[in-house]
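Biologist: I am new to this structure and would love a close look at a single part of it. Could you pick a turn, walk me through it, and then show me how its surroundings fit in?

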Amino acid sequence: MEGFEFFQIILDNSSSRLRLPDKFTRVLLDGGKPQEVKLREAGHGRRFWDVKVVLDADGHMYLGRGWEQFARAHDLRLGYFLVFSFDGDAVLTVKVFDVSMCRRHYQHDGDTSSGSSSDGDSGSSNASDGGSGGNNWSLAEMDVEDGPTGQFSAMLRKCNLGMKQEQYLNVPVDFQLAHGYAERSKVELRMRGKSWLVHLKHNPKTGGRPRASFRYGWHQFCVDNALGEGDTCFFRALRQGSAGGGGEDHLLKVEVRRRDGSFLV
């Protein structure tokens, strides 16, 4: 059970409860019927939120009492993308991505002290509205950048997976501005011990803000990893250490969640 992951998208304005995937429900019930789980926002492991777990007559499981307080404290809104990771011992770690496709980061008043909380303490948020498959690398040599614009996600659509010459993936403006993409010509995507060099295409400025997208090399990355429509890619910026140097290539760690909810490993 430990390490089980799933995602949910906020599709309505109701925040009183959140339905959990049936597959996760079966996994969770395998160890007996739980009465509650603890939620924590990723990166703030000392703060826990007690949330009741309820089952309806059809056997569907929901996060009940306590979820509304968690949602309000983290300002969860329509279209937000939540990634849950089950850490064992009835603890779910939550990553929140807003409609800009960038991850939100929070600072709560109680982060410096330990203990659980389900009292709806609001807190404050800090959020931003040609490849080669043979290069080995080690995360031991790299640090993941965990700032407000250190990562983003994208659910793949037809435009991201079309003909080789037409495939592209837009990079969120806040992310590209934070990492100086206007002065870069390419990025390096790293996943499963391999790397792919992807060139950036710079589009004319819109409203004074330039746009960049993954172009040449993106197709090869998609083909090599058999990516399909509905798959979700999570990109995380890596600080360049001894393995990276200080060149113009921006290093991105990539994780892929398949359309069926499984992770590409």
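**A close look at one turn**

Modeller: Happily! Let us start with Gly59, which sits in the loop that links β4 and β5. Please keep in mind that this is a predicted model. The two strands around that loop form a hairpin with 5 residues between them, and Gly59 in the turn has a positive phi of about 85°. Is Gly59 buried, exposed or partly exposed? Its relative accessibility is 38%, so Gly59 counts as partly exposed.

Now follow the strands on either side of the turn. β4 pairs with strand β5 (residues 61–63) in the antiparallel sense, over 3 bridges. One pair to look for is Val54 with its bridge partner in β5, Tyr62. β4 has another partner too: strand β3 (residues 36–41) pairs with β4 (residues 49–55), again in the antiparallel sense, this time over 4 bridges. There, Leu39 stands opposite Trp49 of β4. As a general guide while you look, side chains in a regular strand alternate between the two faces of the sheet.

The turn also leads us to a helix. The C-alpha atoms of Gly59 and Thr25 are separated by 8.7 Å, with their positions 34 residues apart along the chain. Thr25 is one of the buried residues of helix α1 (residues 22–29), together with Phe24 and Leu28. These buried residues lie on the same side of α1, because they cover an arc of only 105° around the axis. On the face of α1 turned away from that buried side you will find the exposed residues Lys23 and Arg26.

Gly59 is a glycine with a positive phi, but what about other residues? Most residues other than glycine have a negative phi. Asp75 has a positive value, near 50°, without being a glycine. Asp75 belongs to the loop between α2 (67–73) and β6 (81–88). With a relative accessible area of 28%, Asp75 is partly exposed. Arg192 is also not a glycine, yet has a positive phi of about 55°. Its place is the loop between β13 and β14 (194–206), and its relative accessible area of 43% makes Arg192 partly exposed.

Strand β13 (residues 186–191) holds Glu188. Glu188 counts as buried, because its relative accessibility is 14%, under the 20% limit for that label. The side chain of Glu188 makes a polar contact with the side chain of Arg190, at 2.7 Å.

You may also wonder about the cysteines. Cys102 is buried, with a relative accessible area of 0%, whereas Cys159 is partly exposed at 25%. A search of the whole structure finds 0 disulfides.

Finally, how far can you trust the picture? The mean pLDDT of the chain is 76, and 72% of its residues reach 70 or more. Confidence is highest in helix α4 (residues 218–224), at a mean of 94, and lowest in strand β9 (residues 124–126), at 38. Over residues 109–144 the pLDDT is below 50, although the model gives this stretch 98 contacts beyond near neighbours in sequence. Residues 241–247 also stay under 50, with 12 contacts beyond four places in sequence. Where pLDDT is low, the predicted coordinates should not be read in detail.

How values were computed. Residues are numbered from 1 along each chain as its sequence is written. This is a predicted model: local features need pLDDT of at least 70, side-chain atom pairs count only at pLDDT 80 or more; totals for chains, interfaces and linings use all residues. Side-chain values use heavy atoms; hydrogens and water are left out. Two strands pair if DSSP finds at least two bridges between them. Buried means under 20% relative accessible area, exposed over 50%, partly exposed in between (1.4 Å probe, protein chains only). A polar contact is a pair of N or O atoms within 3.5 Å; within protein, one must be able to donate a hydrogen and the other to accept it, and residues adjacent in sequence count only if both atoms are side-chain atoms. A disulfide is a pair of cysteine sulfur atoms within 2.5 Å. The arc is that of the directions from the helix axis to the C-beta atoms. pLDDT is the predictor's confidence in each residue, from 0 to 100. Contact means heavy atoms within 4.5 Å.
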